[in-house]
Structures are given as structure tokens and as C-alpha cells.
Amino acid sequence: MMYKDKKVVFSGVQPSGVLTIGNYLGAIRNFTEFSDEYLCYYCVVDEHAITVRQTPADLRRRTYETLALYIACGLDPEKNTLFVQSHVSAHAELAWILDCFTMFGELSRMTQFKDKSAKNADNINAGLFTYPTLMAADILLYQTDMVPVGVDQKQHLELARDIAERFNSVFGDTFVVPEPYIPKATAKIMSLADPSKKMSKSDENENATVRILDPKDVIIRKFKRAVTDSGSEIKYEDGKEGIKNLMSIYGAFTGKTMDEIEKEFDGKGYGEFKLAVGEACADKLAPVQSEFAKLMNDKAYLEDVMAKGAENAGRAAVRTMSKVRRKIGFTEAKR
Ligand code: TRP
């Protein structure tokens with residue numbers, strides 16, 4: 001196995017749509033915890049984004065925005081490798097190789113493929129189908145030990161593990177087999193309009209999602225309109241899915257436990273509680289938003305981060321690629 005003095009963390013965020021508090025609480029915010037102990041790679045996965053049709057100018061802008069958001073959420077580019085997927089060509093290269101070790105049947109069973117092809121019936125392209133092998137390539141390129149992801153990505157991660165194990169069993173130890181890391185309490189932030197559905201950045205209903213960059217008045221309004229049951233007590237119990245979701249969000253922003261929240265709002269109504277959730281959320285996001293605005297005004301800095309990140313990531317990726325090429329039997333052009 002490849003020598004490493006630190007374990008490796010890798011995760012990716014798509015530059016499609018605008019990130020929600022689900023992405024923030026369930027993913028990005030927790031990423032900062034890892035940078036002392038692990039070697040961390042965080043990637044803006046623009047190649048994944050083109051599996052659905054993108055307007056080039058929007059894709060370009062969102063790539064900058066996603067990188068800026070990573071940094072604004074607390075990921076220090078000096079302590080983490082922040083980079084853009086298409087800047088490291090080994091991702092696409094390894095994805096092709098892994099395609100040849102991934103079965104049609106396996107890809108057909110991916111629930112995200114089934115969902116996305118139902119939604120994009122006029123553009124069920126091969127990239128949408130092989131998306132999980134590109135994701136496996138992202139992860140395996142860096143000999144990743146741990147992948148922080150939302151529960152919706154667990155199936156893709158399991159496939160990445162299967163591909164790694166399959167490759168290793170044919171060619172001998174080549175890839176580290178990665179483990180998922182799913183933060184418990186806030187793994188799943190649900191839609192404010194339908195608490196049985198995950199909060200998704202691509203939801204057409206504006207009121208379903210709160211975005212990291214929403215202004216305070218919008219945040220307060222969205223929480224005010226959040227769907228709850230007809231009861232009146234702030235209690236964390238089944239049947240009160242809307243309230244449970246709001247309590248989880250409030251807990252995630254304030255660090256309070258569900259018990260503490262129940263006590264705090266004992267005898268108080270939904271209206272007061274919703275306002276408190278909105279304020280806690282807006283207050284916590286305010287510094288992220290101002291940092292984001294500053295970064296977006298400094299393209300040169302962002303480009304510098306991109307360049308350094310790509311160089312760092314590229315160096316690690318080349319090591320894995322040369323091992324893979326050798327194992328498979330690809331030749332080298334010696335000059
Ligand atoms: N598929 C992930 C998503 O849609 C994004 C992603 C791409 C990713 N490559 C990754 C996540 C590698 C973790 C690791 O959310």
C-alpha cells in the first residue's frame with residue numbers, strides 16, 4: 001500500500017444550483033474539523049455537473065462561487081487542498097479505466113440514476129449513467145480513507161468500495177477502500193415544504209430550501225412558512241416531522257440538544273419557535289455571507305487557490321495513475 005503519514009479525506013460538491021443549509025450543516029461545516037488530523041481534498045466537481053445541461057457562463061460562475069463558499073464556510077486553503085475537478089485530468093482518465101471494471105447492472109441499480117433519468121427524460125446521456133464511476137475515480141485517485149457525504153450518496157460510495165475491491169483483487173493492492181462518514185444528527189436536513197423529502201438545492205419550490213446566501217429577511221420568511229403539523233407543542237416525536245426537522249436545524253445552528261430545545265420552548269407556540277430558528281440560522285450565516293462577498297470580489301485570489309489546489313491534487317493523482325497504468329499493462333512512451 002502507498003505510504004501515507006496522514007489518513008486522507010475527500011469530498012466533492014457540485015457547482016450546480018446554490019448550496020443550501022442542508023449542504024452547510026450536513027457537509028461543508030463539518031469538513032473543517034478534519035484538517036488537523038487528515039490530509040483533506042475538497043473538490044468542486046464540474047465534470048459531474050455536465051451530466052445535466054449547463055449554461056457555460058453559469059457553470060463558470062458557480063464554480064468560482066462554490067470554491068468561495070468552501071472558503072467562506074471555514075475551509076482554509078492553506079490547510080486543505082481545494083480544487084476544481086476538471087483541472088486535474090486524471091479524474092476523467094481514471095474514470096474511463098474504472099468504467100471497464102464496473103458492471104452495467106451495478107450502474108442500473110443506482111437510485112440517483114433512476115431519479116435523474118426520470119427527471120431528465122430527454123437527456124439520459126451515458127455520463128449520467130456512469131456518473132458513479134467518475135465519483136469512484138475522484139475518491140480512489142487520492143487513496144482516500146474517509147468520505148464525508150450525505151446519506152443520499154451512500155449507495156455511490158458503496159459502489160466505489162466494490163470497484164476498489166474488485167480492482168485490488170484482480171491486480172493486487174492498488175486502492176485504499178474508502179469508508180463513508182455520515183454525520184449523525186444533521187445528516188439529513190429535510191425540505192421546509194415537505195418534511196418527508198430531503199432539502200435539495202434543485203427543488204423548484206423556493207420555500208422548500210434555505211440557501212447559505214439567502215438574506216436574513218428571506219430566511220426568516222421561509223422558516224415562518226415552513227410546513228408543520230396541526231399541533232402546538234415543540235416536541236421531538238414521530239408524527240411531527242416538520243417540527244422535528246426545524247428542531248434539528250435549530251439544534252445544529254445553536255449546539256442545543258433536542259431536550260434543551262423542548263424546555264426552551266415549553267409553553268410557547270410554533271410561531272415563536274419558527275422565528276427563533278430563522279434568527280439562529282441567519283445569525284450563523286451572516287459571517288459566511290460577508291466572507292463570501294469579499295472572496296467573490298477577489299477573483300485573482302480564487303484563481304490562485306485553484307492553481308495551487310490543482311497542483312497539489314495533481315501530484316497525488318499522478319502517483320496513483322502511474323501505479324494503475326503499470327498494473328493494467330499500459331505501456332510508457334519513453335523519451
Ligand atoms: N455525487 C456527489 C453529490 O452529488 C458529489 C461528488 C462527486 C462527491 N464526487 C464525489 C462526493 C466524491 C464525495 C466524494 O453530492
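**Contacts of Tyr236, the packing of helix H6 and the ligand shell**

In this predicted model, Tyr236 touches Lys244, Met247, Ser248, Met258 and Glu262 when residues up to four places away in sequence are not counted. Tyr236 itself lies in the loop between helix H9 (216–224) and helix H10 (241–254), and with a relative accessible area of 38% it is classed as partly exposed, because buried residues are those under 20% and exposed residues those over 50%. One of its partners, Glu262, stands 26 residues away from Tyr236 in sequence, yet the two C-alpha atoms are 7.6 Å apart in space. Another partner, Ser248, is found in helix H10 and counts as buried, at 13% relative accessibility. Seen from Ser248, and leaving aside its neighbours within four places in sequence, the contacts are with Tyr236 and Met258; Met258 is likewise among the residues touched by Tyr236.

A second region of interest is helix H6, which spans residues 111–119 and whose buried residues are Gln112, Phe113 and Ser117. These buried residues lie on the same side of H6, because they cover an arc of only 125 degrees around the axis. In general, an α-helix has 3.6 residues a turn, so residues three or four places apart point the same way. The face of H6 turned away from the buried side carries the exposed residues Ala118 and Lys119, whereas the buried residues of the helix pack against helix H5 (104–108), helix H7 (126–141) and helix H8 (154–171).

Within H6, Ser117 may be described in further detail. Ser117 has a relative accessibility of 11% and therefore counts as buried, the limit being under 20%. The side chain of Ser117 reaches the backbone oxygen of Phe113 at 2.5 Å, and Phe113 is itself one of the buried residues of the helix. Leaving aside neighbours within four places in sequence, Ser117 is in contact with Ile124 and Leu128.

Helix H7, against which the buried residues of H6 pack, also contributes to the surroundings of the ligand, where it supplies four residues, the largest share of the shell. Of the 13 residues around the ligand, those that come nearest are Gln14, Tyr131, Met135, Asp138 and Gln153. By class, the shell is made up of seven nonpolar, five polar and one charged residues. On the polar side of these surroundings, a polar side-chain atom of Gln14 lies 3.4 Å from an oxygen atom of the ligand. For Tyr131, an N or O atom in the side chain is 2.7 Å from a nitrogen atom of the ligand, and for Asp138 the distance between a side-chain N or O atom and a ligand nitrogen atom is also 2.7 Å. The ligand on its own has 360 Å² of accessible area, of which the protein covers 90%. The elements giving two or more residues to the shell are strand S1 (7–13) and H7.

Beyond H7, the backbone at Gln143 deserves mention. Gln143 is placed in the loop between H7 and strand S4 (146–148), and it has a positive phi of about 50 degrees although it is not a glycine. Most residues other than glycine have a negative phi. The relative accessibility of Gln143 is 2%, so that this loop residue counts as buried.

Technical notes:
Residues numbered from 1 in each chain as written. Predicted model: local features only at pLDDT ≥ 70, side-chain atom pairs only at ≥ 80, totals over all residues. Heavy atoms only, no water. Buried < 20%, exposed > 50% of the residue type's maximum accessible area, 1.4 Å probe, protein only. Arc of directions from axis to C-beta. Contact = heavy atoms within 4.5 Å. Near = heavy atom within 4 Å. Polar contact = N/O pair within 3.5 Å; in protein donor to acceptor, adjacent residues only side chain to side chain. Areas by Shrake-Rupley, 256 points an atom, 1.4 Å probe, with all protein chains shown as cover. Nonpolar A, V, L, I, M, F, W, Y, C, P; charged D, E, K, R; others polar.
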